[in-house]
Amino acid sequence: MRVEHHPLLTRNPCTRRELISLHYGQANSAGKVYLQASLHADELPGMLALHHLRQLLDHAEARGDILGEIVLVPIANPIGLEQTLMHDAMGRFDFNSGENFNRRYPDLTAMIASRLANELTQDLDRNRQIIRRHMLDALKQRQPASEIDSLRQAQLLLAVDADVVLDLHCDAQAVVHLYGETPYQAQIEPLARYLGAQATLLADGSGAGSFDEACGQPWWRLQALFAERFPIPSGCIAATVELRGEAQVEHALATRDAAALFAFLQHRGILKGTPPPMPALPHPATPFAGSLTLRAPSAGLVVFLHQPGAWIERDEPVVHLIDPISGVTQVVRSSVSGVMYMRSAIRFAAAGVELCKVAGATALEGGVTVSA
């Protein structure tokens with residue numbers, strides 16, 4: 001295993017940060033997998049999962065069982081990791097720009113599409129190489145204007161030529177769930193099975209400009225753009241993996257998650273060995289546009305009636321919202337049936353605050369709002 005250091009653009013002469021990547025194996029025909037944790041720097045279960053996965057990979061490397069290339073970035077956001085306010089971690093938004101760390105990644109499709117028309121061939125593998133070369137060239141030509149922009153560039157330069165990209169996050173209080181793109185449902189499902197994901201939410205692009213979409217989306221968009229002209233492979237399967245809740249930084253859970261990720265790498269042929277049988281999928285994938293966000297109709301004390309992972313029937317009460325002055329209790333109900341896969345950590349809500357989400361099976365009218 002080798003360690004690489006990727007300096008970020010410095011904001012002042014006295015501060016220097018870097019992205020650090022751990023590299024196992026070598027680039028070859030077996031493929032490449034990229035995993036990063038804690039892009040939202042206050043979301044730490046993924047960081048611990050990669051700690052345990054690293055131990056498994058160390059043993060696999062000693063046995064000669066690594067067939068392809070595996071890149072781990074245990075701290076994907078050194079900027080956000082330093083952001084605290086009165087002892088509380090504040091790693092979701094950049095203090096300097098106000099930007100969400102998992103938004104505004106460059107649109108690689110727009111950056112390279114016009115360059116490809118005169119180079120693509122009728123050879124699928126050759127086209128994969130051409131597209132990846134143009135992606136890397138386009139990224140290298142960008143001049144980051146800020147530290148956060150240089151972080152995005154450093155991450156993409158490590159990930160953009162990977163066959164699989166997994167971005168490990170968590171929610172406030174949640175069960176394991178995945179976000180992926182509909183064209184890659186079949187390739188994502190084994191990961192969902194091994195991890196025991198209670199919900200898999202799929203979309204043809206959410207429009208969020210997130211890291212996983214920046215890596216995986218260009219391939220199916222290029223397939224549509226060059227349909228019937230050139231064969232374009234599914235060059236990168238990318239997913240956001242939500243490993244339960246922020247407080248669930250526990251060895252037992254992380255060990256289980258690391259074993260599931262290791263099994264998935266065996267399934268992908270990156271590691272030697274027969275992967276364990278895939279468990280049953282807890283719940284089928286559902287459209288991201290079918291995710292119902294329940295919000296507080298008024299201010300009040302929040303009392304959840306169900307734990308994350310509970311199956312909620314349509315019109316079932318989910319939250320009691322109590323006005324401690326008047327004593328009035330409002331009942332917040334779900335308008336869809338599905339798994340409540342996350343809920344807020346807030347227990348006194350202002351009007352309009354997001355309370356929880358339920359994964360409905362049918363797209364809602366007007367679609368779904370992408371959370372910050």
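**Where is K32?**

In which strand is K32 found? K32 belongs to strand 3, which covers residues 32–37. The structure discussed here is a predicted model.

K32 is buried, because its relative accessible area is 9% and the limit for a buried residue is under 20%. When neighbours within four places in sequence are set aside, the residues in contact with K32 are E69, V71, L158, D161, A162, D163, V164 and I270. One of these, D161, also has a polar contact of 2.5 Å with K32 between the two side chains.

**The pair K32 and D161**

Side chains of opposite charge can pair when their charged atoms come close. The side chains of K32 and D161 form a salt bridge, with a distance of 2.5 Å from N to O. K32 is in strand 3, while D161 is in the loop between helix 5 (147–159) and strand 7 (164–171), so this salt bridge ties together parts that are 129 residues apart in sequence.

The two partners can also be described by their accessibility. K32 is buried at 9% relative accessible area, whereas D161 is partly exposed at 24%.

**Other salt bridges**

How many salt bridges does a search of the whole structure find? The search finds 16 salt bridges. Among them is the pair of E99 and R152, whose closest N and O atoms are 2.8 Å apart. This pair links distant parts of the chain: E99 lies in the loop between strand 6 (88–89) and helix 3 (108–116), R152 lies in helix 5, and the two are 53 residues apart. Are E99 and R152 buried or exposed? E99 is buried, with a relative accessible area of 16%, and R152 is buried as well, with a value of 4%.

D163 and R132 also meet through their side chains in a salt bridge, at 3.0 Å from N to O. D163 is in the loop between helix 5 and strand 7, and R132 is in helix 4 (residues 124–141), so their salt bridge ties together parts that are 31 residues apart in sequence. D163 counts as partly exposed at 21% relative accessibility, whereas R132 counts as buried at 15%. In addition, a network of salt bridges links R17, E82 and E147.

**The two domains**

The domain assignment of the protein gives domain 1 (2–268) and domain 2 (289–360). The contact between them takes 10 residues from domain 1 and 11 residues from domain 2. The C-alpha centres of the two domains lie 31 Å apart.

**The interface**

Domain 1 and domain 2 bury about 860 Å² between them, and 60% of this area is on carbon and sulfur atoms. Which residues of domain 1 lose the most area to domain 2? They are Q173, V175 and L201, which together account for 52% of what the domain 1 side buries.

Across this interface there are zero salt bridges, but three residue pairs are in polar contact. On the side of domain 1 that touches domain 2, strand 8 (173–174), strand 9 (177–181) and strand 10 (199–203) each supply at least two residues. Sorted by class, this side of domain 1 has six nonpolar, three polar and one charged residues.

Technical notes:
Residues numbered from 1 in each chain as written. Predicted model: local features only at pLDDT ≥ 70, side-chain atom pairs only at ≥ 80, totals over all residues. Heavy atoms only, no water. Domains from an automatic or database assignment. Contact = heavy atoms within 4.5 Å. Buried area = accessible area lost by both parts, 1.4 Å probe. Salt bridge = Lys/Arg side-chain N within 4 Å of Asp/Glu carboxyl O. Polar contact = N/O pair within 3.5 Å; in protein donor to acceptor, adjacent residues only side chain to side chain. Helix = DSSP H or I, 4+ residues; strand = E, 2+ residues; numbered from the N terminus. Nonpolar A, V, L, I, M, F, W, Y, C, P; charged D, E, K, R; others polar. Buried < 20%, exposed > 50% of the residue type's maximum accessible area, 1.4 Å probe, protein only.
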